[in-house]
Amino acid sequence: MVKSPSFSSAGEAAPRTPPQVVQPSPSLSKFFGDPSSGSSLASDFFDSFTSSTFISVSNPNASPSIPESLSSLADTPVGGSSPGSAGISQSPKPFSQIQAVFAGSEDPFATALSMSEMDRRSDAWIPGEATRSVLTSVATQQYGTVFVDKEDLTMPGLKFDNIQGDAVKDLMLRFLGEKAAAKRRVLTASSVEQSFVGLKQLISCKNWRAAVDLCGRLLTAHGQGYGKSGLPTSHTADSLQLWFVRLALLVKLGLFQNAEMEFEPFGNLDQPDLYYEYYPHVYPGRRGSMVPFSMRILHAELQQYLGHPQESLDRLHRVKAVCSKILANLEQGLAEDGTMSSIAQENRQASVQLWRSRLGRVTCSMANCLLLMKDYVLAVDAYRAVVQFHPEQEPQVLSCIGRIFLQIGDIKTAEKYFQDVEKVTQKLDGLQGKIMVLMNRAFLHLGQNNFAEAHRFFTEILRVDPSNAVANNNAAVCLLYLGRLKDSLRQLEAMAQRDPRQHLHESVLFNLTTMYELESSRSLQKKQALLEAVASKEGDCFNTQCLKLA
């Protein structure tokens with residue numbers, strides 16, 4: 001009846017959903033990044049995301065009329081290609097990107113060198129044998145043209161035109177009338193700059209549907225728009241970032257089958273035209289894959305949302321194998337791809353740190369997948385393995401394992417893990433460790449149906465951190481089970497009113513609407529008031545099912 005965002009079942013399989021139907025969106029796996037980074041929520045979608053204007057390089061299928069703001073280079077036609085093969089021809093260098101490297105720096109050459117090292121670390125990948133063979137041919141035939149079978153190339157295109165919509169406005173029209181609905185203002189793909197800047201703006205404002213449409217416009221400008229799937233094309237680092245963001249947003253919106261259709265042309269993300277070496281005249285001397293690492297994780301995780309967790313697990317194992325090989329190469333004094341290379345010790349250490357972090361990220365995704373499959377023994381082993389890659393996350397991981405045991409009813413084992421958390425946090429100073437210990441104690445009592453004690457611990461958390469949404473929500477749930485409906489309502493309403501932008505969470509609103517239904521038969525008016533509050537704060541991706549108005 002009542003939801004708790006921090007204590008809900010993580011093992012439920014996502015139902016298979018038809019295209020373009022709004023479903024409760026699953027969270028993408030929690031990525032273990034640099035905890036000191038101050039990136040916004042919007043930036044979580046981006047893997048080394050660039051803010052440069054979009055560049056279309058030598059794409060024969062690019063839109064004939066590209067706005068100046070979308071392309072800083074005129075399209076150059078590619079050399080002739082036979083029906084069964086595609087040729088690699090010279091392409092203009094992306095001068096605007098090169099100039100951006102040197103702009104505003106006292107030592108431009110040092111800056112360029114630093115960026116080169118960062119690129120090498122981030123882009124490194126080990127291609128399959130067939131792909132390696134093609135890339136070697138490209139590198140050794142500087143003055144000829146290398147022909148590659150079309151079946152071995154990546155030829156993506158949009159599979160649907162437009163998913164823009166606003167479920168909140170539709171509900172306002174139905175329950176509040178046209179006058180109230182006219183006051184609803186959200187950003188659209190047309191109301192922002194047609195570039196990565198506008199895309200980040202849409203995502204940060206939670207207008208994910210509009211962001212999907214803007215990604216489509218930018219990809220259309222690059223010749224990868226609707227109806228272009230299966231046609232020869234070229235790729236840039238920017239275009240691959242756009243595809244990643246679009247596909248990640250589709251998954252967040254619950255449009256899993258749409259995402260699967262658009263992912264299909266990318267195959268296993270190892271085609272030769274997804275590597276920088278395939279475009280020696282565009283990226284001279286640059287090596288590695290254009291595919292963002294996060295896109296590989298998304299490609300693997302998508303299958304579990306479609307009801308194929310074993311396929312997800314298989315893909316994650318393949319990614320893990322490459323990450324392990326890269327790490328082994330670095331530890332043996334080689335470059336990431338196994339070639340002989342003289343890398344400075346400082347850069348080698350940075351590379352090892354990056355790939356250990358990525359290995360931990362893949363392991364965490366595998367643990368999440370095993371949890372979805374209800375293989376709790378292997379899931380717990382995988383979560384424990386994450387600690388060796390991210391020792392600073394040990395208290396969080398142990399708490400997570402304890403809550404898994406709590407959910408399957410093993411109170412004693414859960415208590416053991418929570419005690420381990422207390423031992424680890426004793427060595428740490430700070431508020432977060434104290435809150436974690438109190439939260440675990442509260443959940444332990446919650447699992448034992450001791451709502452009075454659980455409420456006491458949640459209240460203690462709120463004394464030291466009044467804005468803690470998880471403690472607030474769970475304290476209200478405890479009050480409800482203690483028969484104090486009015487107090488429970490007051491607590492949730494006060495939280496939502498204190499900071500609507502932060503606390504109009506879907507789980508909180510679901511709990512509020514459920515309590516309104518329990519309180520009186522006039523719950524509809526209060527739900528409509530919540531709808532008005534949502535309309536003034538939320539973007540077009542809001543899941544209106546939590547308001548229980550339909």
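**Close-up views of a predicted model**

**View 1. N472, a buried residue in a helix.** N472 is buried, since its relative accessible area is 5%, which falls under the 20% cut-off for that class. This residue of the predicted model sits in helix α18, which covers residues 469-481. If you follow the side chain of N472, you will find a polar contact with the side chain of Q491, at 3.1 Å. Leaving aside residues up to four places away in sequence, N472 touches L462, P466, Q491, M495 and R498. Q491 thus appears in this view both as a polar partner of N472 and in the list of residues that N472 touches.

**View 2. Helix α19 packed with helix α21.** Here we turn to a pair of helices. Two packed helices are described by the angle between their axes and the distance between the axes. For α19 (residues 485-498) and α21 (residues 506-519), the angle is about 145° and the axes lie 10 Å apart. The two helices cross in a left-handed manner. On the α19 side, the contact is made by L485, K486, S488, L489, L492, E493 and M495. Facing them from α21 are V508, N511, L512, M515, Y516, L518 and E519. Sorted by class, the contact of α19 with α21 holds nine nonpolar, two polar and three charged residues. M495 of α19 takes part in this contact and is also touched by N472, so it links this view to View 1.

**View 3. Helix α10 packed with helix α11.** Helix α10 spans residues 293-305 and helix α11 spans residues 309-331; they pack at an angle of about 155°, with axes 5 Å apart. Because that angle is over 145 degrees, α10 is roughly antiparallel to α11. The crossing of α10 past α11 is left-handed. From α10, the contact draws on F293, R296, H299, A300, E301, L302, Q303 and Q304. From α11, it draws on P309, E311, S312, R315, L316, V319 and C323. These residues of the α10 contact with α11 comprise seven nonpolar, four polar and four charged.

**View 4. The whole chain, for orientation.** Stepping back, the protein chain has 22 helices and two strands. Of its 550 residues, 51% are buried, and N472 from View 1 is a buried residue too. Among contacts in the chain with a separation of 6 or more, 68% are between residues 24 or more positions apart.

Terms used: Residues numbered from 1 in each chain as written. Predicted model: local features only at pLDDT ≥ 70, side-chain atom pairs only at ≥ 80, totals over all residues. Heavy atoms only, no water. Axes fitted to C-alpha atoms, helices over the stretch in contact; angles between N-to-C directions. Helix = DSSP H or I, 4+ residues; strand = E, 2+ residues; numbered from the N terminus. Parallel < 35°, antiparallel > 145°, perpendicular 65-115°, else oblique. Left-handed = near helix turned anticlockwise from the far one by under 90°. Contact = heavy atoms within 4.5 Å. Nonpolar A, V, L, I, M, F, W, Y, C, P; charged D, E, K, R; others polar. Buried < 20%, exposed > 50% of the residue type's maximum accessible area, 1.4 Å probe, protein only. Polar contact = N/O pair within 3.5 Å; in protein donor to acceptor, adjacent residues only side chain to side chain.
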